[in-house]
Amino acid sequence: MKEDKKCPFCGGTELKEVHCISKLKKKAQDKQAAGSTLSVRSEERCFMHCTGLNGCGGFFLRPEYFLPPEAQKERYLLHNNNLSDEGYRSFLKTFADTALLHIRKLLDRPPRTVFDYGCGNGALIELLTSYRCGTCGGLLAENTEIRGWDPFFAPDVPFFEDGADAVLCLEVAEHFENPHEGFAGLARACRAGGYAAVQTLFAPETNGEAGTDTGNGAETAEAAFRSWWYKEDTTHVSFYTEKALKACAERAGFVYCGTYNNCSILRAALPR
């Protein structure tokens with residue numbers, strides 16, 4: 001069966017089209033009038049929903065609606081990801097504290113190496129650097145090495161030779177056009193026995209279990225998805241349930257440890 005007929009998260013084959021009207025079309029036109037190259041490919045975009053008893057419940061954008069790389073970068077440049085913004089700083093700190101607290105407990109020590117996978121402008125790295133002074137409960141040691149990679153803003157930064165103790169992936173997985181490749185990249189960045197922390201908002205579900213309803217419940221999830229604000233960012237293309245994220249993680253060789261405060265902890269159990 002062709003790959004576009006399978007769910008990119010779990011490989012499920014019971015897929016249903018979900019058509020959504022973009023709420024960003026006017027904003028994109030305003031940006032174009034100001035000389036920006038940001039554009040929306042179509043007012044209506046088509047997502048696929050993985051349904052059925054064995055499905056994961058995830059949603060993903062059909063590839064023909066993906067933005068080209070230059071338009072994606074232009075969109076990212078509009079983000080105000082600055083530590084001087086108290087709201088954004090608090091958002092980063094909540095993720096960093098949650099991720100590092102659980103990883104430190106699992107390692108039984110602070111991580112010696114930390115890798116920010118999809119680091120953007122480096123704001124999280126800047127925050128983590130301040131953690132090395134010992135003011136954050138010993139979540140990082142003074143000599144912890146910190147690096148970050150990003151396909152648009154830091155494409156040449158190498159992974160740690162033996163992989164990192166802790167790989168952080170904040171608000172990046174929803175941008176994966178190929179989730180299998182994205183999670184495989186996380187696995188390459190992580191040492192065997194190390195941990196990855198992935199934060200992305202989970203997609204609407206009918207109940208606590210993804211893939212358990214093929215009738216009205218699935219329709220309810222799709223109705224909630226159509227009005228969900230998170231899909232309105234045109235660079236967001238992959239929307240996971242817990243079951244979908246677990247499937248992606250296990251396919252890449254991780255063991256799913258659990259999700260805490262929207263932060264999913266994964267252990268790299270298999271040799272890379």
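**Exercise 1. At 3% relative accessibility, does D165 count as buried or exposed?**

Some ground rules before the solution. This is a predicted model, where local features need pLDDT of at least 70 and side-chain atom pairs count only at pLDDT 80 or more, while totals for chains, interfaces and linings use all residues. Residues are numbered from 1 along each chain as its sequence is written, and side-chain values use heavy atoms, with hydrogens and water left out.

*Solution.*
- Step one, the cut-offs: buried is under 20% relative accessible area, exposed is over 50%, and partly exposed sits in between (1.4 Å probe, protein chains only).
- Step two, the value: D165 comes in at 3%, so this residue is buried.
- Step three, the partner: the D165 side chain meets that of R109 in a salt bridge at 2.8 Å, N to O. The term covers a side-chain nitrogen of Lys or Arg within 4 Å of a carboxyl oxygen of Asp or Glu.
- Step four, the location: D165 is in strand 6 (residues 164-170) and R109 in the loop between helix 3 and strand 4 (113-117), 56 residues apart. Helices (H or I, at least four residues) and strands (E, at least two) are DSSP runs, numbered from the N terminus.
- Step five, the network: shared partners join R109, D165 and R191 through salt bridges.

**Exercise 2. Work out which parts of the chain the K16 and E222 pair ties together.**

*Solution.*
- The two side chains form a salt bridge of 3.0 Å, N to O, and a search of the whole structure finds seven salt bridges.
- K16 belongs to strand 1 and E222 to helix 6 (residues 216-226), so the contact ties together parts 206 residues apart in sequence.
- Now check exposure: K16 is partly exposed at 34%, whereas E222 is buried at 2%.

**Exercise 3. Place the salt bridge between D97 and K93.**

*Solution.*
- The N to O distance is 2.7 Å.
- Both residues lie in helix 3 (residues 86-107), four residues apart, which is about one turn of the helix.
- D97 is partly exposed at 24%, and K93 is partly exposed too, at 36%.

**Exercise 4. Reconstruct the open sheet formed by four strands.**

*Solution.*
- Write down the order, 1-2-3-8, with antiparallel pairing. Two strands pair if DSSP finds at least two bridges between them.
- Mark the edges: strand 1 (15-21) and strand 8 (238-239) each pair on one side only.
- Fill in the middle: strand 2 (residues 44-50) and strand 3 (residues 59-61) pair over three bridges, and M48 stands opposite F60 in strand 3.
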